[in-house]
Amino acid sequence: MNASVIPDNIQGDPQAAAARAAARLRELTGAETHDVALVMGSGWAPAGEALGVPEAEFPVTELPGFPAPAVEGHGGTVRSYKIGEKRALVFLGRTHFYEGRGVAAVAHGVRTAVAAGCETVVLTNGCGGLREGMRPGQPVLISDHINLTAASPIIGANFVDLTDLYSPRLRALCKEIDDTLEEGVYVQFPGPHYETPAEINMVRVMGGDLVGMSTVLEAIAAREAGAEVLGLSLVTNLARSPPPRGGGGGGAGGPPRASHPPAPPHHPHTPERRPPCSTTSSRRPEPGWPRTPTPRRAASWPR
C-alpha cells in the first residue's frame with residue numbers, strides 16, 4: 001500500500017507523524033539510526049550520485065505522510081548510505097510551500113530525519129544570485145535568511161532562537177575544504193509566481209544575496225528539532241534590479257529583468273528557480289543552466 005495515502009495527521013501533530021515515518025524508515029533501511037540528512041534541491045542530484053552506491057533506496061511515498069513529487073526534476077527518492085563510520089540519509093527532492101500542502105508537509109522530511117537520529121541536516125537549493133560578482137554555477141554557503149513566506153513550521157508559543165541557525169562550525173569546516181566558498185543571505189519567496197524586478201530590488205536593499213522558493217521553512221523546523229543546519233545554494237542565474245526611475249534601459253549591464261533562469265533541458269520549469277523571462281528583451285537564454293554541482297572532494301561533505 002502506498003504509505004502516503006495512509007491517514008496521517010501531520011498538521012495536528014507533526015512530531016508524532018515524523019516518529020511514525022522514522023519507524024518505517026528503520027524497517028526499510030535496516031539501520032537503527034542515521035547521522036546526517038541531505039536534502040538535494042534543484043541541480044544537486046549529481047552530488048548525491050557522487051556519494052556512491054546506497055545500501056538502501058526506495059520511493060519517498062513508502063514513508064507515511066510523504067506525497068509523490070509534484071514538481072518535475074525532483075526524484076522523490078530516499079537513499080541510505082554508509083560513509084565511513086557515519087550513515088547518511090539522502091532525500092532526492094522535497095515538498096515545496098507553493099504546492100499548497102501546508103507548512104507541516106514542507107517540514108516533514110527534516111523532522112523525520114531528526115526523529116531517525118540525524119543530528120546534522122544539510123539543505124541545498126538552486127537559486128538566483130543578487131550580489132555583484134556572483135556567477136551561475138557558483139556554490140554559496142547560506143549564512144542567514146529572510147523569510148518572506150509569512151509562515152512558520154513552529155506551532156504554538158515555542159520560541160526558537162535562530163541567531164546562529166546556519167551553523168558557523170559547519171560553514172568553517174566547508175571553508176577548510178574550499179577556502180574560495182562565499183557566504184550569503186538567502187531569501188525565500190512563497191512562490192510559485194516569480195519575483196518582479198522591483199521585488200528583487202527590495203530584497204537587495206534588505207540585505208539579501210540569494211533568492212529562491214525553498215529551504216527556509218525546513219531550516220527552522222530542523223533547528224526546532226535540535227539539529228545542526230548547513231545550507232548550500234547553487235546560483236543558477238543572476239537577478240537584476242529595475243533601472244533608476246526616469247532612466248532609459250539597464251545600463252552597461254543590459255536590460256533589467258527578474259531572476260528567471262533558463263530551465264534545464266527536458267525540464268520546462270526548474271522547481272526552486274525560474275523559467276526564462278525578461279522584462280525588456282526577447283533574446284533566448286543560453287542553454288544548459290542550471291549547472292549541476294560537482295563536489296570538489298569527497299571530504300567536502302559533512303561527516
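Biologist: Which residues does Leu-123 touch, leaving out those up to four places away in sequence?

Modeller: Leu-123 touches Val-39, Arg-94, Val-110, Thr-215, Glu-218, Ala-219, Val-229, Leu-230, Gly-231 and Leu-232. Keep in mind that this is a predicted model.

Biologist: Where is Leu-123 placed?

Modeller: Leu-123 lies in strand β5, residues 120–129.

Biologist: Is Leu-123 buried or exposed?

Modeller: Buried means under 20% relative accessible area. Leu-123 has 0% relative accessibility, so it counts as buried.

Biologist: How far apart are the C-alpha atoms of Leu-123 and Val-229?

Modeller: They are separated by 7.5 Å. Along the chain, Leu-123 and Val-229 are 106 residues apart.

Biologist: Let us widen the view. How many helices and strands does the chain have?

Modeller: The chain has six helices and nine strands. It has 303 residues, and 50% of them count as buried. Now take the contacts with a separation of 6 or more. Residues 24 or more positions apart account for 78% of those contacts.

Biologist: Now helix packing. What describes two packed helices?

Modeller: Two numbers do: the angle between the axes and the distance between them. Here, take α3, residues 103–115, and α6, residues 216–224. They pack at an angle of about 55 degrees, and their axes are 8 Å apart. That angle makes α3 oblique to α6. The crossing of α3 and α6 is right-handed.

Biologist: Which residues of α3 and α6 meet?

Modeller: From α3 come Val-103, Val-106, Ala-107, Val-110 and Arg-111. From α6 come Leu-217, Glu-218, Ala-221, Ala-222 and Glu-224. The residues of this contact divide into seven nonpolar, three charged and no polar. Two names should sound familiar. Val-110 and Glu-218 are also among the residues that Leu-123 touches.

Biologist: Next, aromatic rings. What describes a pair of them?

Modeller: The distance of the centres and the angle of the planes. A search of the whole structure finds one aromatic pair. Phe-66 and Phe-91 form it. Their centres are 6.0 Å apart, with 15 degrees between the planes. Planes under 30 degrees apart count as stacked, so the label for this pair is stacked.

Biologist: Where do Phe-66 and Phe-91 sit in the chain?

Modeller: Phe-66 is in the loop between β2 (56–59) and β3 (77–83). Phe-91 is in strand β4, residues 86–92. The two are 25 residues apart, and the pair links distant parts of the chain. Both Phe-66 and Phe-91 are buried.

Biologist: On to the backbone. Which residues have a positive phi without being glycine?

Modeller: Ala-150 and Thr-215 are two such cases. Phi of Ala-150 is near 60 degrees. Phi of Thr-215 is about 80 degrees.

Biologist: Where is each of them found?

Modeller: Ala-150 is in the loop between β6 (139–147) and α4 (168–177). Thr-215 is in the loop between β8 (210–212) and α6.

Biologist: And is Ala-150 buried or exposed? What about Thr-215?

Modeller: Ala-150 is exposed, with a relative accessible area of 81%. Thr-215 is buried, with a relative accessible area of 1%. Thr-215 is also one of the residues that Leu-123 touches.

Biologist: One last backbone feature. Which peptide bond is cis, with omega near 0 degrees?

Modeller: The bond from Gly-191 to Pro-192 is cis. Pro-192 is found in the loop between β7 (182–188) and α5 (197–206).

Terms used:
Residues are numbered from 1 along each chain as its sequence is written. This is a predicted model: local features need pLDDT of at least 70, side-chain atom pairs count only at pLDDT 80 or more; totals for chains, interfaces and linings use all residues. Side-chain values use heavy atoms; hydrogens and water are left out. Axes are lines fitted to C-alpha atoms, for helices over the stretch in contact, and angles run from 0 to 180 degrees between N-to-C directions. Helices (H or I, at least four residues) and strands (E, at least two) are DSSP runs, numbered from the N terminus. Angles under 35 degrees count as roughly parallel, over 145 as roughly antiparallel, 65 to 115 as roughly perpendicular and the rest as oblique. A crossing is left-handed if the near helix is turned anticlockwise from the far one by less than a right angle, and right-handed if clockwise. Contact means heavy atoms within 4.5 Å. Ala, Val, Leu, Ile, Met, Phe, Trp, Tyr, Cys and Pro count as nonpolar, Asp, Glu, Lys and Arg as charged, and the others, Gly among them, as polar. Rings of Phe, Tyr and Trp (its six-membered ring) pair if their centres lie within 6.5 Å; planes under 30 degrees apart count as stacked, over 60 as edge-to-face and the rest as tilted. Buried means under 20% relative accessible area, exposed over 50%, partly exposed in between (1.4 Å probe, protein chains only).
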